[in-house]
Amino acid sequence: MDAHKQAFIEEAYELLAELERSLLELEDNPGDMAMVGQVFRAMHTIKGSGAMFGFEDIAAFTHNVENVFDQVRSGTIPVTRELVNLTLTARDHIRELLDASVSGKTVNESRGVDIVLALNRLVPLENGGIPQGGKGEEKKPAPDMVTYRIRFKPHQDLLAHGTNPVLLLSELRDLGDCAVTAHTENIPVLEDMDPEGLYIFWDAVLTTDKGLNAVRDVFIFVEDDADITIETILDEDDFTSAEMPRPKLGEILLKHGDISGEALHQALGSQKRIGEILVEEKIASRASVTAALTEQNQIRKRLEQRGESAAQISSVRVPSEKLDHLVDLVGELVTVQARLSQKAAKQGDPDLVAIAEDVESLTSGLRDNAMSIRMLQIGTTFATFKRLVRDLSGELGKRIELTTAGGETELDKTVIDQLKDPLVHIIRNAVDHAIEKPEERLAAGKDATGTIQLSAEHSGAHVLIRIRDDGKGLDPQVIRKKAVEKGLIPADADLEENEIQNLIFAPGFSTAAAITDLSGRGVGMDVVKKSIENLRGAIDLVSRKGEGTTITLKLPLTLAIIDGLLVQIGEGFFVLPLSSVEECVELTESQRKSSKNGNILNIRGDIVPYVRLRDEYDIRNKPPALEHVVIMETFGKRVGFVVDRVIGGHQTVIKNLGGAFRDAKDISGATILGDGTVALIIDVNKIME
Amino acid sequence: MGIRMNKNKGKQPVLVLEGDVDISIAADIKTRIMDVMNETDSLTVDLGGVERLDISCVQLLCAANRSFEKKSKRLNVITGKGDSLCRTLLGSSGYDAHDGCPEKKCRACLWKKGDRNDG
């Protein structure tokens, strides 16, 4: 597929996501005309670019939807739930068409026809049609004819972006009586020409009853690639005004600032030129060229005055594989830099140390920069759930409102990509099982509309994502009974409420009485938990019967590099994620021996259990007399890890362990130290379990 | 589709453009014209076999015309069977379909009907 088509597809997917967001917002605020405008513009851009790049089916279908929304914009059709429903369906159909153009599959065309028919039924019949809303609406006066002067001056790279300006001019002609003049004065000699640049620009005089919006819409998707000025030359009011004198040509030009008084004077002074123009009046181009040249000078002057407008913020689309590769390379660089620093420190050459320090600071900057490029806001993912909740609650006859907060929180692209499925599952569960039907809610003294709150926030090197619902909550007794039935716990197990609730994450657990369409397809919360853990994250659940459930996901900002604390046990090196480290304390042999109640430390009055990693990993050489305990915290729980020696902070590039180590559950990866030694990265959450 | 430079001994060179003549081959067309510009007094561009033409090529030929005029040389365009296609594009691009561009910057417009081409 050629690059332009590819770019269109990418842009269209983005626009569709935006369209969905706008539609859902419109449903909440039906009077928001700005939102109607956004929907219209998104449709218009998809249609226009679609036609330009040969996606005729998409263009044709979208055109129909756009027409309807044009009437919404003009107030002929009200924004109703039905309209939003249909437009959402239409949006899905466009997406299907796009998917099909990528995969080469065929799409059920009759579905598109049905949608268009349904949409058209919303349009009131123009003559003798059934008035919407019962009351006879005032008949709209015939639309005004207005003459516009349009200057369309594309930037030089318009053609290279794949836009065909001639198609836009044709679209302009379709609006009414239109004369277009090409300005070719900027075409250079061949030697100086960029063959792919565009040097021509256009002036058009258009008389139409379609309104200014329709004119603007023609250029809607080249707004960033062209300077466009639209001026009203003559409107209906000018004709109705009794006192309106017939202005002379020069006066009109002067009035619109197209020429200066001086220039007019000069022109009038040389009668021959005016005469020449009059003689050639039938050739409109000559007249407009003269006027346009003056106007052009003015535009140039204005542009010079605000020179900063020329410097535009630009962005570049880059395939994500390239970014992945960049991060890989930066990762390797971090490793090499660690080697360099170590070597420099060993050799004790001050020059080399200085260089190593410079390299370290640059590498760190490069690393942060590379990682920040991959950061995406989670808001886009959140927005897709709005639709999910809307559709599912509709199907189930429930009333649910999804609120989101912290959409601007950024996470690594890989994390966001892999987060979507678990989130969908959690939200589906909330909609399906947690939130009650309106009548049940009212009976329980709750608002008939349930809420699901989706929020994201930063917490150190982690992002916390919370999914909170005000549904019926988890019933510990039901869960306990089920867990015993399934043989997950013995009947007499002594468990706290929270522990029981967390049993829903156990493999093979499902409390749904009946398998519904939404959840309970054999994919349980254990899969969700596993997905989150694969992201080196953790999941926590707090639920109160009758009040609701909060699920918290704790995710690392990135999967590629972490700041770790390098520790040593015996001959082996390990890395603990620095973000969870609270403090390091010493553990003397006598302390160890005096601790009668197992592995427990007293940290300023707090009781903190500790794990001896050398026992955990079966490291048998003699421990040093003075060991160190690294106190780690996760989800409010503190645990100490006993190590031989704490070496210090270490920027860690995470390497996956091969398949042979897939059973090493409490190791999340490995890293290569400066001297080539491998250090294992410990998954603190797993050990805490 | 293609670009071909016909150079017959003793005759002026002819640049034949066929099929899809658009921005994707604009750079190529420029190179071909630049190659012969200094060695010939006149060049003819044959658009008779063109099936699709876009604005980039129109302005490229205008630029070439300006270069030729500057060197007091001559560029001709033959539209032949492609005439209506060319005229349609000119008309919809804000040129005069039969009179060429409104600018009149060139001494003789490349696109003026009956002037320098046999379309």
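Here are three short exercises on a predicted model with chains A and B.

**Exercise 1: strand order in chain B**

Work out how strands E1, E2 and E3 of chain B pair, and in which sense.

*Solution.* Start at the N-terminal end. Strand E1 (residues 2-6) of chain B runs antiparallel to strand E2 (residues 14-21) of chain B, with 5 bridges between them. For a spot check, pick B:Ile3: its bridge partner in E2(B) is B:Leu17. Next, look at what else E2(B) pairs with. Strand E3 (residues 42-53) of chain B lines up parallel to E2(B) over 7 bridges. Here you can check B:Val21, which sits opposite B:Leu53 in E3(B). Finally, trace the connection: E2(B), H1(B) and E3(B) form a β-α-β unit, and its hand is right-handed.

**Exercise 2: the side of chain B that touches chain A**

Find how many residues each chain brings to the contact, then break down chain B's side.

*Solution.* Count first: chain B puts in 26 residues and chain A puts in 26 residues. Now sort chain B's side by element. Those giving two or more residues are helix H1 (26-37) and helix H2 (55-70) of chain B. H2(B) supplies the largest share, with 10 residues. Then sort that side of chain B by class, and you get 13 nonpolar, 6 polar and 7 charged residues.

**Exercise 3: a quick profile of chain A**

Sum up chain A by its elements, burial and contact range.

*Solution.* Begin with the elements: chain A has 23 helices and 21 strands. Burial comes next, and 33% of its 689 residues count as buried. Last, take chain A's contacts with a separation of 6 or more: 67% of these link residues 24 or more positions apart.

Terms used
Residues numbered from 1 in each chain as written. Chains lettered and ligands numbered in written order. Predicted model: local features only at pLDDT ≥ 70, side-chain atom pairs only at ≥ 80, totals over all residues. Contact = placed C-beta atoms within 7 Å. Helix = DSSP H or I, 4+ residues; strand = E, 2+ residues; numbered from the N terminus. Nonpolar A, V, L, I, M, F, W, Y, C, P; charged D, E, K, R; others polar. Buried ≥ 20, exposed ≤ 12 C-beta atoms within 10 Å, placed from the backbone. Pairing = 2+ DSSP bridges. Right-handed = clockwise from strand over helix to strand, strands pointing away.
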